[in-house]
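This briefing concerns nonpolar packing and charged side-chain pairs. Please consult the sequence and structure shown here.

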Amino acid sequence: MSLVLATWNVNSLRARIGRVVEWIEYAEPDVLCLQETKMNDSAFPEGVFNDLGYSSVHHGDGGWNGVAILSKVGLEDAEKGMGDRVDEMGCRVVSADCGGIRVVCVYVPNGREVGSKFYHDKLDWLASLRSYIARRYRPTDALVVCGDFNIAPDERDVWDEKAFEGATHVSDSERAALNDLLAWGLSDCLRAHYSQADLFSWWDYRGGAFHKHQGMRIDLILATMPVLSRCSFSLMDRNARKGDKPSDHIPVMAWIGDE
DNA sequence: ATGGTTGCGAAGCAA
């Protein structure tokens, strides 16, 4: 089965539902992973997505996190969280089988300040994610791990390296944690098709950052080789950052062809 | 210029 997979940090699904429905209607993803829904499971607008043809699973407790997977190619064996042994620090992981691909939707902690408790919690969380993935799956599985990683993988992924000196999202330890996950057997779908700098998925709301091209690429679709080898194209939809009440993130998409 | 914007929720905090 071929499918189009997307991931989008919507920064409150309640505030963004109109933009999300609009985007689904023109982009027509087969699978859409959402982060920062910021709502309880009971508030998740399952019916709205059903009407658009999507099954869904949501994992949220009303805090600042909340993740979901929508699928119109089937959604089976959903799992919320990373298993009993791992504290998620909120609702940050949800997984499901969608059209023959295991999809893991993640919202990695922000980290706030380098050296802070929250920064160390972020590194611990990333180690937990890696061990969860390695425990549950094999690199030969058809697996996608996608979402808001809150890490810019390398220097091409920030608008100005000097502006990020000493900041989170770019530190050696965060990048090492991401590289540990990649080294297990995952690849960045966008980088399989584009190598240039200044391709961003997030821009600060403040100071006209979007119009000044001052962003970061922190939203990623990572895939094992069985999926990567089928990935014919990937892009990020800048249109979603324009207009009324946009999220500060944009959707990242990957086209997965037939086996 | 330690600023600026958004969401949540009703004051600051988180991002």
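The points below cover the cores first and the salt bridges second.

This is a predicted model, in which local features need pLDDT of at least 70, side-chain atom pairs count only at pLDDT 80 or more, and totals for chains, interfaces and linings use all residues. Residues are numbered from 1 along each chain as its sequence is written, and side-chain values use heavy atoms, with hydrogens and water left out.

**Nonpolar cores**

- The largest nonpolar core (buried Ala, Val, Leu, Ile, Met, Phe, Trp, Tyr and Cys residues joined through side-chain atoms within 4.5 Å) has 53 residues, of which Leu-32 and Ile-69 touch the most other members.
- Leu-32 is in contact (heavy atoms within 4.5 Å) with residues including Trp-8, Val-20, Trp-23 and Ile-69, leaving aside residues up to four places away in sequence.
- Another core, of 23 residues, lies apart from it and has Val-86, Ala-177, Leu-181 and Leu-186 among its members.

**Salt bridges**

- The structure holds 13 salt bridges, each a side-chain nitrogen of Lys or Arg within 4 Å of a carboxyl oxygen of Asp or Glu.
- Lys-117 and Asp-121 form a salt bridge with the closest N and O atoms 2.7 Å apart; both lie in helix H3 (residues 117–136), four residues apart.
- Lys-117 is exposed at 56% relative accessibility, whereas Asp-121 is buried at 19%; buried means under 20% relative accessible area, exposed over 50%, and partly exposed in between (1.4 Å probe, protein chains only).
- Asp-204 and Arg-206 meet at 2.8 Å, N to O; Asp-204 is buried at 18% and Arg-206 is exposed at 64%.
- A network of salt bridges links Asp-157, Asp-188, Arg-191 and Arg-217.

Notes: Chains are lettered from A and ligands numbered from 1 in the order in which they are written. Helices (H or I, at least four residues) and strands (E, at least two) are DSSP runs, numbered from the N terminus.
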